[in-house]
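Dear colleague,

I am passing on the structure below, together with some notes on what came out of it. Please read the notes alongside the coordinates.

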Amino acid sequence: MVEGTNCEHPNCTCMAAEDSDYCSTYCEAAEDSLEIACGCGHAGCEGTATRVA
Ligand SMILES: [Zn+2]
Ligand SMILES: [Zn+2]
């Protein structure tokens, strides 16, 4: 397998963990909750929800 697979969460731009299709348990759970934005909390994740001012 090639190193550096992206997280399977549609809106997550993080790299998946070596032993998972997701970068975090958040993304793994979000797959079932129709979450639009990614809330994995990783720095640099472009799917993170924009904060309401
Ligand atoms: Zn993410
Ligand atoms: Zn992710």
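C12 bridges the zinc ion (ligand 1) and the zinc ion (ligand 2), and the two ions lie 3.7 Å apart. C12 lies in the segment before α1 and C45 in the segment after α1, so this pair ties together parts that are 33 residues apart in sequence (helices are DSSP runs of H or I with at least four residues, strands runs of E with at least two, numbered from the N terminus).

This is a predicted model, in which local features need pLDDT of at least 70 and side-chain atom pairs count only at pLDDT 80 or more, whereas totals for chains, interfaces and linings use all residues. Residues are numbered from 1 along each chain as its sequence is written, chains are lettered from A and ligands numbered from 1 in the order in which they are written, and side-chain values use heavy atoms, with hydrogens and water left out.

The zinc ion (ligand 1) has as its protein donors the SG atoms of C12, C38, C40 and C45, lying 2.4 Å from it (donors are N, O and S atoms within 2.8 Å of the metal, or 3.2 Å for Na, K and Ca; water is not among the atoms, so sites may look incomplete). The angles among these four donor atoms are 98 to 127°, and the site is tetrahedral (four donors with all angles between 85 and 135 degrees).

For the zinc ion (ligand 2), the protein donors are the SG atoms of C7, C12, C23 and C27, at 2.3 to 2.4 Å, and this site is also tetrahedral, with angles of 103 to 118°.

C12 counts as buried at 6% relative accessibility, as does C45 at 9% (buried means under 20% relative accessible area, exposed over 50%, partly exposed in between, with a 1.4 Å probe and protein chains only).

Best regards

How values were computed. Tetrahedral: all angles 85-135°; square planar, octahedral: opposite > 155°, others 65-115°.
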